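The following paragraphs lead through one protein structure, from its overall make-up to individual residues. Please keep the sequence and the coordinates in view while reading.

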Amino acid sequence: MKTHTVQTALALLLTLSANLALAQGAPQVIDIPLSRPGEPVNLEMDIISARIEVVGEDRQDASFEVSVLDGTRNIVTPSGTQQLKTGAYSVEVEEADNTISIDTDWRANKISVLARVPHNANLQLSTVNDGEIIVSNITGKLVLENVNGPITATNITGSVIAESVNQDITVSFAGISADQAMSFTSVNGNLNLGLPANTGAELHIDSAEGEIVSDFEVEVQPSKPIISREDGRHGVEVRVESVIVAKINGGGPVIKLKTLNGNINITKSGQ
């Protein structure tokens, strides 16, 4: 088979013992070549407990710095209980057809992953326990989910769907996609959204508590329920939802902002 028809697939498995990881201190660096340099990258990370940071750069490959964040376990012996520092983890990085996926096994301690990727990248990032998601300088579609930690994204061009339960979501755009709806949801956190001053958008605001503050003048539309219907094997489900609809700069793509107990702050990026 000729080399130009071969689909590149690279998998690296990195497993370190607790003593080795803690003794070295420095992150483990994994460099990943791309199957199609110069084309958009897809990056997928679904890690139970992690600090995930993704930085867009002028580059033709991807690089990952992985380190373990100190954990502790107890061991019970005849002489009593001792506390042990643990740092064991297993990380797998796989690239195929410009899609990079990163996974860890269930036993891993909380880890830190710093990903350096080309600017043009679609991201799907998720973490659950005591995590953090940070993204900067990316052009593409972003899907970010952090159950118990904050989400921060800056200098983004494209679209974002972000969801957190207990922490703030802060996203600042350099430009938004005209044909992509976006959604920002947090039960107990604030929603901080920065948009370019000339952005046209239709805001769908669902806020039970907290303040709504906007640097933009808004044109509030008459409120009317949104009704959706799903027919399934086990019956029919009808959902009725009423939200505040407000246009900025004449309207544009839909941006959904939903929080139960937090504030909503809409600012002008770069000001």
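N155 is found in strand β14, which covers residues 151-164. Although N155 is not a glycine, its phi is positive, at about 55 degrees. The relative accessible area of N155 is 40%, and N155 is partly exposed because that value lies between the limits of 20% for buried and 50% for exposed. This is a predicted model, and the backbone angle should be read as a property of that model.

A second asparagine can be set beside it. N249 also has a positive phi, of about 50 degrees, without being a glycine. N249 is found in a loop, between β23 (244-248) and β24 (254-259), whereas N155 is in a strand. With a relative accessible area of 46%, N249 counts as partly exposed.

The overall make-up gives these strands their setting. The protein has 25 strands and one helix. Of its 271 residues, 39% are buried. Among contacts with a separation of 6 or more, 58% are between residues 24 or more positions apart. The accessible surface of the protein comes to about 14400 Å², and carbon and sulfur atoms hold 48% of that area.

Charged side chains come next. How many salt bridges does the protein have? The count comes to nine. One of them joins E53 to R51, with an N to O distance of 3.1 Å. R51 also forms a salt bridge with E132, where the closest N and O atoms are 3.7 Å apart. This pair links distant parts of the chain: R51 belongs to strand β4 (residues 50-57) and E132 to strand β12 (residues 132-136), with their positions 81 residues apart. R51 counts as partly exposed, at 28% relative accessibility. E132 is likewise partly exposed, with a relative accessible area of 28%. Neither residue counts as buried, because 28% is not under the 20% limit.

Another salt bridge is formed by R59 and D61, whose closest N and O atoms are 2.8 Å apart. D61 has a relative accessible area of 26% and is partly exposed. The R59 and D61 pair is part of a network of salt bridges that links E57, R59, D61, E65 and R116.

One charged group is placed against a ring. The charged end of K268 sits over the ring of F216, at 5.4 Å from the ring centre. What does a search for aromatic pairs find in the whole structure? The search finds zero such pairs.

The nonpolar part of the surface can be followed from one patch. I212, V218, V220 and I244 make a nonpolar surface patch of about 320 Å². V220 lies in strand β20, which consists of residues 219-220. Is V220 buried or exposed? V220 counts as exposed because its relative accessibility is 55%, and the limit for that class is over 50%.

I212, also in the patch, is found in strand β19 (residues 212-214). At 41% relative accessibility, I212 counts as partly exposed. Leaving aside residues up to four places away in sequence, I212 touches I205, S207, I244 and I264. I244 is thus a contact of I212 as well as a member of the patch. The contact with I264 crosses 52 residues of chain, and the C-alpha atoms of I212 and I264 are separated by 4.7 Å.

The last stop is S269, in the segment after β25 (264-268). Which residues does S269 touch, not counting those up to four places away in sequence? They are S172, F173, G194, L195 and P196. For P196, the C-alpha atom is separated from that of S269 by 5.0 Å, although the two residues are 73 residues apart along the chain.

Technical notes
Residues numbered from 1 in each chain as written. Predicted model: local features only at pLDDT ≥ 70, side-chain atom pairs only at ≥ 80, totals over all residues. Heavy atoms only, no water. Phe/Tyr/Trp six-rings, centres within 6.5 Å; stacked < 30°, edge-to-face > 60°. Lys NZ or Arg CZ within 6 Å of the ring centre and 35° of its normal. Patch = residues over 30% accessible without salt bridge, like charges linked within 9 Å, V, L, I, M, F, W, Y side chains within 5 Å. Areas by Shrake-Rupley, 256 points an atom, 1.4 Å probe, with all protein chains shown as cover. Salt bridge = Lys/Arg side-chain N within 4 Å of Asp/Glu carboxyl O. Helix = DSSP H or I, 4+ residues; strand = E, 2+ residues; numbered from the N terminus. Buried < 20%, exposed > 50% of the residue type's maximum accessible area, 1.4 Å probe, protein only. Contact = heavy atoms within 4.5 Å.
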